[in-house]
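Here are a few notes to read with the model open beside you. Take the points one at a time and find each spot as you go.

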Amino acid sequence: MRILLTGAGGPASIGVARSLRKHLLVGVDANENALSFAETDKKYVVPRVDDSAYLTVLNEIIDTEAIEFVHAQPDPEVHFISDHRDQIHARTFLPHPETVAVCMNKHQTYETLKRFGVPVPKTRLLRGIYDLDVAVTEFGKPLWVRETVGAAGKGSIKASGFQDALYWVESLHKGWGRFIASEYLPGRLFTWQSLWKDGVLLAAQGRERLEWAMSNRAVSGVTGVTGVAVTTNDPRLDEIGADACRAVSMGRPHGIYGVDMKENIAGVPCVTEINIGRFFTTIEFFTRAGTNFPELYLQAAFGDVAPAPKLEAGLTWLRSMDCLPILKRA
């Protein structure tokens with residue numbers, strides 16, 4: 001099959017490309033230097049997704065290369081292609097546009113999940129000083145503060161209290177209306193990767209993140225780059241993850257949903273965000289462990305596919321800079 005992969009030079013796309021090696025892959029990226037790292041058969045530089053020429057150029061490449069399927073990994077491109085799916089000259093396999101829009105905004109995700117009774121950390125949108133004061137009073141200290149839109153821990157900080165958070169949001173980021181404050185969750189950190197078709201769960205696998213790579217390079221310690229992860233088959237993740245997917249999808253999940261969870265003080269996994277329409281950066285972990293999510297996703301887009309079994313628990317994935325990842329048993 002002939003597949004076009006956007007953001008092909010970025011880390012989030014490398015694992016997808018490695019999982020789909022048997023297909024002809026055409027990679028596009030707005031960053032010419034990053035595109036050099038793309039593990040695709042062909043490569044094209046394209047405009048940024050916010051450029052008015054993006055859609056036209058993308059379709060020209062699709063037509064020239066006889067592309068059958070388009071997959072985006074960067075969030076802005078997932079959002080754009082979702083909104084313009086009817087204008088793309090190839091097949092896509094995305095959740096409903098409203099679902100994509102909700103999951104791209106962490107506060108909207110929180111509001112939706114809370115309404116459906118899915119465990120979430122207490123959260124408040126910071127429109128001004130009053131909201132921050134209420135958050136500190138209701139949630140206690142410390143607070144978890146981050147931007148409502150963006151990946152890789154964008155704008156996140158573990159704020160010790162009111163003054164710390166105020167300086168971060170107001171002085172450093174001019175971020176009123178763009179930041180949320182949440183209760184700090186002290187427990188373990190999980191991701192539940194799932195694939196759905198018309199409301200039917202085709203594959204799901206949990207992993208526990210033990211370390212962030214290069215965590216000492218971020219104020220919050222969160223880089224969005226998993227350094228050490230281990231497979232887990234905790235049934236709580238299956239229940240909460242599936243409930244979260246159904247909540248944001250009007251009961252009919254379709255496509256890729258990556259549900260991030262962190263345990264609260266009582267040990268309950270709370271959903272912190274849903275990465276929608278794309279795979280997490282270390283999806284190659286599951287491929288090498290025995291479940292190729294990108295291949296299942298491609299098959300599901302063109303027909304029926306049998307649900308995939310769970311992976312063995314305790315498989316460990318190690319990553320660092322300038323070296324290939326390592327899969328081993330704990």
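1. First, a ruler: the expected span of a helix is 1.5 Å times one less than its number of residues. Helices (H or I, at least four residues) and strands (E, at least two) are DSSP runs, numbered from the N terminus. Keep in mind that this is a predicted model, where local features need pLDDT of at least 70, side-chain atom pairs count only at pLDDT 80 or more, and totals for chains, interfaces and linings use all residues. Residues are numbered from 1 along each chain as its sequence is written, and side-chain values use heavy atoms, with hydrogens and water left out.

2. Now try the ruler on helix H9, residues 235-248: its 14 residues should span 20 Å, and the end C-alpha atoms are indeed 20 Å apart, so the two agree. Its buried residues (under 20% relative accessible area with a 1.4 Å probe, protein chains only) are Leu237, Ile240, Gly241, Ala242, Ala244, Cys245, Ala247 and Val248. Just past H9, look for Met250, with a positive phi of about 55°.

3. Helix H8 (162-172) buries Ala165, Leu166, Trp168 and Val169. Looking down the H8 axis, these fall within an arc of 165° (taken from the directions from the axis to the C-beta atoms), so they line one face of the helix. What covers them? Among the elements in contact (heavy atoms within 4.5 Å) are helix H7 (129-139) and strands S5 (123-126) and S6 (143-147). Right after H8, Lys174 has a positive phi too, about 45°.

Terms used. Buried means under 20% relative accessible area, exposed over 50%, partly exposed in between (1.4 Å probe, protein chains only).
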